[in-house]
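Okay, thanks for coming, everyone. I'll put the structure up and then walk through a few backbone spots and the ligand site.

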Amino acid sequence: MRAVLCKTLDGVDALELASIEPPKPAPGEVLIRVRTAALNFPDLLIVEGRYQVKPPLPFVPGMEMAGVVHELGEGVDGLSIGDRVSAVVTWGAFAEFAVARAERVVPLPDTMEFGVGAALGLAYQTVWHALKSRARLRKGETLLVLGASGGVGLAAVQLGRQVGATVIAAASSDAKLDICRAQGADHVINYRDADLRKELQATVGKNGVDVVLDPVGGPYSEPALRSLGWRGRYLVVGFAEGTVPKPPLNLVLLSERDILGVYVAEFFRREPRARLDLARELTGFVASGCFTPVISASLPLERFADAMKILQGREAIGKILLIM
Ligand SMILES: NC(=O)c1ccc[n+]([C@@H]2O[C@H](COP(=O)([O-])OP(=O)(O)OC[C@H]3O[C@@H](n4cnc5c(N)ncnc54)[C@H](OP(=O)(O)O)[C@@H]3O)[C@@H](O)[C@H]2O)c1
């Protein structure tokens, strides 16, 4: 099979398109003929050895995919060969075949395209877990989303709207913010040109925001934390900017704010049943027309490096796909 292969931890430029043997499903695993994979920022980190999980070399990167069940490992029930499915894995999706643990495989409705199924994986499941299970975002609350036009960010804008929250999208350009508005953001802030804290004060007033979802880190985190109101919740999702912020803890004490970590890989491992429920709920939202993932680029597998460089260049809008 054709697959993207990571032989050394030297980043995107060292990756190769290789011809390798397809994996065999172990007991409890499913072999999927991948039709579409989608990219996530952690794909960049894992091929540089900067992700929490370090697969043995060589390995195939790629964390989310959709395709057709090709073979079932021993002991898998509830799935059949030929089923249309999506799955989230830690690595292995940028290939024509990939294995996934059966509990990570979600049936796709007949009407759902493989690209949409793949795009609904890691970022959407992370955001839904964050907003629903961690922050318990409620209708009528205000949600601030940083990096709001990226994969995680746009998922947060759409799911914030789905809950009935007032969504404030913050991003680094007006073009990115136009897309956030089109996806339902009520207010937008260009944090490259404007002072985030002042703009937030002007937008929500003295009460502050109820929930912040932060996949960016760096210089935006502290002003966002300062803008939380009484018992506001701060969701730490990622550090795409490259710097882990170190905010003063008096900011947490003063307004009884909560800082909540979100680590979806560990949530998947510890609570597979709850994760499957979240994944099914997301599929249901899209199947019933509540929203659809924004897909800004679909490239053939051999252009994997171009696709990954879109993310690296801070240019990704919503999701980027690789078509097998
Ligand atoms: N905690 C978890 O379980 C979990 C799961 C999935 C992803 N994540 C994390 O979530 C973050 C976002 O992932 P994603 O797939 O949504 O990525 P993405 O689509 O590339 O979005 C990242 C956003 O971060 C902002 N950004 C600021 N500085 C950047 C830089 N130097 N390089 C790239 N982007 C930069 C960009 O928005 P602006 O240009 O508007 O600032 C960009 O839209 C990553 O840190 C990822 O590791 C965490």
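**Backbone oddities and the ligand shell**

Let's start with Arg 231, which is exposed, because just 10 other C-beta atoms lie within 10 Å, and the cut-off for exposed is 12 or fewer. Keep in mind this is a predicted model. Arg 231 sits in strand 12, residues 228–236, and its phi is near 55°, so to speak on the positive side for a residue other than glycine.

There's another arginine to look at. Arg 136 also isn't a glycine, yet has a positive phi of about 50°. You'll find Arg 136 in the loop between helix 3 and strand 8 (142–146). Is Arg 136 buried or exposed? Exposed: it counts that way because it has 12 C-beta neighbours inside 10 Å, and 12 or fewer is what exposed requires.

One more for the backbone list: the peptide bond joining Leu 57 and Pro 58 is cis, with omega at about -10°. Pro 58 belongs to the loop between helix 1 and strand 4 (64–72).

Now the ligand. There are 29 residues around the ligand, and the ones that come nearest are Phe 41, Gly 147, Gly 150, Ala 171 and Gly 238. Helix 1 (41–46), helix 3 (122–134) and helix 4 (151–163) are the elements giving two or more residues to that shell. By residue type, the shell splits into 16 nonpolar, 10 polar and 3 charged.

And where does the ligand lie with respect to the domains? Between domain 1 (2–120 + 293–323) and domain 2 (124–265), because both give residues to the shell around the ligand.

Methods: Residues numbered from 1 in each chain as written. Predicted model: local features only at pLDDT ≥ 70, side-chain atom pairs only at ≥ 80, totals over all residues. Near = placed C-beta within 6 Å. Helix = DSSP H or I, 4+ residues; strand = E, 2+ residues; numbered from the N terminus. Nonpolar A, V, L, I, M, F, W, Y, C, P; charged D, E, K, R; others polar. Domains from an automatic or database assignment. Buried ≥ 20, exposed ≤ 12 C-beta atoms within 10 Å, placed from the backbone.
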